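Colleague: Please give me a close look at a single part of this model, the packing of its interior, together with the strands and loops that bear on it. I would like one connected account, with the cut-off behind each term.

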Amino acid sequence: MLLEGIWISLIMWFIYALISCLSTDGVVVLPAPQNLSIQSANMKHLLTWSPVIMPGETVFYSVEYQGEYESLYTSHIWIPSSWCSPTKGPECDVTDDITATVPYNLRVRATLGSQTSAWSTLEHPFNRNSTVLTPPRMEVTKDGLHLVIELEDLGPHFEFLVVYWREEPGAKEHVKVMTGGLPVHLETMEPGAMYCVKAEALVKAIGKHSAFNQAECVEVQGESLPLVLALFAFVGFMLILVVVPFSFWKMGQLLRYSCCPTVVLPDTLKIPSSSQKLIACRKEEMDACDVAVLSSEQFFQAWISQKSPVE
């Protein structure tokens with residue numbers, strides 16, 4: 001009888017344990033997500049896990065996290081992820097949730113209708129200072145004689161240390177710090193010279209920087225003048241050829257009329273014939289008279305000189 005009672009007790013304990021594994025308050029418990037891990041590169045943080053397989057069913061997942069303060073002082077409080085509560089796929093971008101350089105705990109559970117799994121927690125807390133910074137992608141071009149660089153936009157946390165130099169023995173390196181996403185003019189190049197550029201990514205929030213990328217070089221051909229400058233020079237030369245002679249001619253006209261004005265006689269003093277014979281005779285000395293042909297102006301001046309003594 002004692003042995004029979006022991007067997008009955010063992011069977012009842014097994015049945016109870018089986019029921020406890022399959023249900024909690026009448027709700028079937030789904031398998032919990034496994035193999036939680038987080039990949040972080042260039043301050044982008046992606047939490048992944050193994051999917052829960054339920055044939056013919058769509059399983060959703062919920063993600064929650066705790067910052068350093070919550071884990072130390074309010075360990076019972078977990079904050080739902082802003083993008084993954086719920087989500088269909090077995091991954092969650094928690095970049096917007098990880099806002100400080102402190103350890104974060106993360107956990108995931110599966111949901112199917114009214115069924116939920118247990119929470120699975122990331123084995124080790126995640127700190128964003130463990131992110132991997134890769135050398136930035138860049139494009140180096142020339143715009144006429146201008147050296148131009150454009151770096152990829154990696155987000156608000158990033159700055160870029162750009163180093164550029166003229167390719168020649170003993171060349172001095174120049175350094176600029178800039179953001180990405182927009183073309184930036186670095187230097188005005190000299191014709192016939194080659195210039196090289198390299199860059200690295202900087203994140204002050206975590207005190208890290210990437211390695212430098214592969215240097216890229218561009219060369220400016222030894223052109224005498226760009227087409228636009230040559231066109232402007234030609235137009236300017238043509239303007240000089242036209243404007244300067246015209247200016248000299250106009251200045252001569254102004255000086256002529258200012259310094260040597262033309263005398264205009266009144267109509268009453270004008271003589272109809274184009275020329276006149278003026279006979280100047282001295283009654284005491286001359287037996288014959290000299291004949292002179294005078295213009296209107298000369299005649300007027302002679303007439304004035306004769307009138308003056310009489311008056």
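Modeller: A contact means that heavy atoms lie within 4.5 Å. The model is predicted, so that local features need pLDDT of at least 70 and side-chain atom pairs count only at pLDDT 80 or more, while totals for chains, interfaces and linings use all residues. Residues are numbered from 1 along each chain as its sequence is written, and side-chain values use heavy atoms, with hydrogens and water left out. Among contacts in the chain with a separation of 6 or more, 61% are between residues 24 or more positions apart. The chain holds 4 helices and 20 strands, where helices (H or I, at least four residues) and strands (E, at least two) are DSSP runs numbered from the N terminus. Of its 311 residues, 27% are buried, a word that means under 20% relative accessible area, with exposed meaning over 50% and partly exposed in between (1.4 Å probe, protein chains only).

The part to examine is the largest nonpolar core, which has 24 residues. A nonpolar core is a set of buried Ala, Val, Leu, Ile, Met, Phe, Trp, Tyr and Cys residues joined through side-chain atoms within 4.5 Å. Leu-147, Ile-149, Leu-151, Phe-158, Val-162, Leu-186 and Val-197 touch the most other members of this core. The elements that supply two or more residues to it are strand S11 (138-143), strand S12 (146-151), strand S13 (158-166) and strand S16 (194-203), and S16 gives the most, with 5 residues. Apart from this core lies another one of 21 residues, including Val-63, Val-94, Tyr-104 and Phe-126.

Two of the contributing strands are joined directly: S11 and S12 pair in the antiparallel sense over 6 bridges, where pairing requires that DSSP finds at least two bridges between two strands. Thr-141 has Val-148 of S12 as its bridge partner, and in the hairpin of these strands, with 2 residues between them, Gly-144 takes a positive phi near 70°. S12 also pairs with strand S15 (residues 184-188), again in the antiparallel sense, over 4 bridges. Val-148 appears here once more, with His-185 as its bridge partner in S15.

The loop between S12 and S13 contains Glu-152, which counts as buried because its relative accessible area is 16%. The side chain of Glu-152 reaches the backbone nitrogen of Arg-137 at 2.9 Å. Beyond its neighbours within four places in sequence, Glu-152 contacts Pro-135, Pro-136, Arg-137, Phe-160, Gly-180 and Gly-181.

Phe-158 leads from the core to another loop. With residues up to four places away in sequence not counted, Phe-158 touches Asn-42, Met-43, Leu-133, Thr-179, Ala-201, Leu-202 and Val-203. Asn-42 sits in the loop between S3 and S4, and Met-43 is placed in that loop between S3 and S4 as well. Most residues other than glycine have a negative phi. Asn-42, although not a glycine, has a positive phi of about 55°, and Met-43, also not a glycine, has a positive phi of about 65°. Asn-42 counts as buried because its relative accessible area is 12%, and Met-43 is likewise buried, at 4% relative accessibility.

The strands on either side of this loop are joined by 6 bridges and run antiparallel, with S4 covering residues 44-50; Ala-41 has Lys-44 in S4 as its bridge partner. They belong to an open sheet of 3 strands, paired antiparallel in the order S3-S4-S7. Strand S3 (34-41) and strand S7 (91-93) are its edge strands, each pairing on one side only.

S7 is flanked by two further loops. Pro-86, in the loop between strand S6 (79-80) and S7, is joined to Ser-85 by a cis peptide bond with omega about 0°, whereas most peptide bonds are trans. Val-102 lies in the loop between S7 and strand S8 (105-112) and is buried, with a relative accessible area of 18%. Outside its neighbours within four places in sequence, Val-102 is in contact with Glu-68, Phe-126 and Asn-127. Val-102 and Glu-68 are 34 residues apart in sequence and 6.1 Å apart in space, C-alpha to C-alpha.

Key
Polar contact = N/O pair within 3.5 Å; in protein donor to acceptor, adjacent residues only side chain to side chain.
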